[in-house]
Amino acid sequence: GGWEGLERSIKKAKSLDDVILAHNSYLGEIVEKSLLGDKGDGESPTLETLLQKLLSIALKFGKFQDHIFTNSLAGLDKAARIRKTVEERAEKGEWGRTTLDTEEGMVFRYLADAKLFEFVEHTANDFEKVFSNLLKMMSKQVDQVDWTSSLDEDQEETITVVKTHDALPFLLFRLDFSGYYARQAREKRKQVKVQHS
């Protein structure tokens, strides 16, 4: 498989058709290794769809954080200006505040708005759902590989299959290194079992 396999196939090629076939096989292997191949059943989302959803959620959350951060900085700047004015007036022997600044308090009330917390919770739930689907899809890909098949039966094919998916278990581990999503999946399966019992 891989580049070496393409080179071997090209060296063995007897015609241009053999070279084209080898190249197409090589490209297919790349698509398969990147999990971009259309192995879906038509009902399950593809890797591309899941990644687009994840990136969309991340972008939406990033914009939300930027908005919160910008508003918070503006509020802190305003509060600092008001405090400075109060201190200057107090040093002159005048009352520090002459009026109650409702805008100053509104910034901090804005940060405690329930709608902001609902947005964060909704976004986190969306992310968890899509990310869990991504991990399930990748786990199914790993499960489809026959890791125990004998190399003697069809050595070339078995080695190609194992090399094609050799990084998946490691990638799955890295994506769920704390085991959080695996625990969540187990809990959901337990709940479903209890409901159906």
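The following paragraphs lead through a predicted model of a protein chain, from its overall make-up to individual residues.

The protein chain contains eight helices and zero strands. Read from the N terminus, the order of elements is therefore written simply as α-α-α-α-α-α-α-α. The chain has 197 residues, and 21% of them count as buried. Its accessible surface amounts to about 15000 Å², and carbon and sulfur atoms contribute 57% of that area. Among the contacts in the chain with a separation of 6 or more, 65% are between residues 24 or more positions apart.

The description of single elements may begin at the N terminus. Helix α1 comprises residues 2–12 and helix α2 comprises residues 16–33. These two helices pack with their axes 9 Å apart, at an angle of about 170°. Angles over 145 degrees count as roughly antiparallel, and α1 and α2 are therefore roughly antiparallel to each other. On the side of α1, the residues that take part are Gly2, Trp3, Leu6, Ser9 and Ile10. They meet Val19, Ala22, His23, Tyr26 and Glu29 in α2. By residue class, this contact between α1 and α2 is made up of six nonpolar residues, three polar residues and one charged residue.

Lys12 also belongs to helix α1. Is this residue, Lys12, buried or exposed? The relative accessible area of Lys12 is 63%, and a residue counts as exposed over 50%, so Lys12 is exposed. From Lys12 to Ala22 there are 10 residues in sequence, and the distance in space, C-alpha to C-alpha, is 9.8 Å.

The next element to consider is helix α3, which covers residues 47–91. How does the span of its 45 residues agree with 1.5 Å a residue? At that rate the helix should span 66 Å, and the C-alpha atoms at its ends are 65 Å apart, which agrees. Several positions along α3 are buried, namely Leu47, Leu50, Leu54, Ile57, Phe64, Ile68, Ser72, Gly75, Ala79 and Ile82. Just after α3 comes Gly93, which takes a positive phi of about 85°.

Two residues of α3 may be examined in turn. Ile68, which is in helix α3, has a relative accessible area of 18%. Since buried means under 20%, Ile68 is buried. Leaving out residues up to four places away in sequence, Ile68 touches Tyr110, Leu111 and Leu116. One of these partners, Tyr110, is 42 residues from Ile68 along the chain, yet the C-alpha atoms of the two are separated by 9.2 Å. Thr49 lies in helix α3 as well, and with 31% relative accessibility Thr49 counts as partly exposed. Thr49 and Val130 are 81 residues apart along the chain, while their C-alpha atoms are separated by 9.7 Å.

Helix α5 runs over residues 114–143 and contains Glu128. Thr123 likewise has its place in helix α5. Thr123 is buried, with a relative accessible area of 4%. Which residues are in contact with Thr123, leaving aside its neighbours within four places in sequence? They are Ile57, Lys60 and Phe61. Of these, Ile57 is listed among the buried residues of α3, and residues 47–91 make up that helix.

Glu128 counts as buried too, at 15% relative accessibility. Residues up to four places away in sequence aside, Glu128 touches Tyr180, Tyr181 and Gln184.

In outline, then, this is a chain of eight helices and zero strands. Helices α1 and α2 are roughly antiparallel to each other. Buried residues of other helices include Ile68, in contact with Tyr110, Leu111 and Leu116, and Thr123, in contact with Ile57, Lys60 and Phe61.

Conventions:
Residues are numbered from 1 along each chain as its sequence is written. This is a predicted model: local features need pLDDT of at least 70, side-chain atom pairs count only at pLDDT 80 or more; totals for chains, interfaces and linings use all residues. Side-chain values use heavy atoms; hydrogens and water are left out. Helices (H or I, at least four residues) and strands (E, at least two) are DSSP runs, numbered from the N terminus. Buried means under 20% relative accessible area, exposed over 50%, partly exposed in between (1.4 Å probe, protein chains only). Contact means heavy atoms within 4.5 Å. Accessible areas come from the Shrake-Rupley method with a 1.4 Å probe; for residues, only the protein chains shown count as cover. Axes are lines fitted to C-alpha atoms, for helices over the stretch in contact, and angles run from 0 to 180 degrees between N-to-C directions. Angles under 35 degrees count as roughly parallel, over 145 as roughly antiparallel, 65 to 115 as roughly perpendicular and the rest as oblique. Ala, Val, Leu, Ile, Met, Phe, Trp, Tyr, Cys and Pro count as nonpolar, Asp, Glu, Lys and Arg as charged, and the others, Gly among them, as polar. The expected span of a helix is 1.5 Å times one less than its number of residues.
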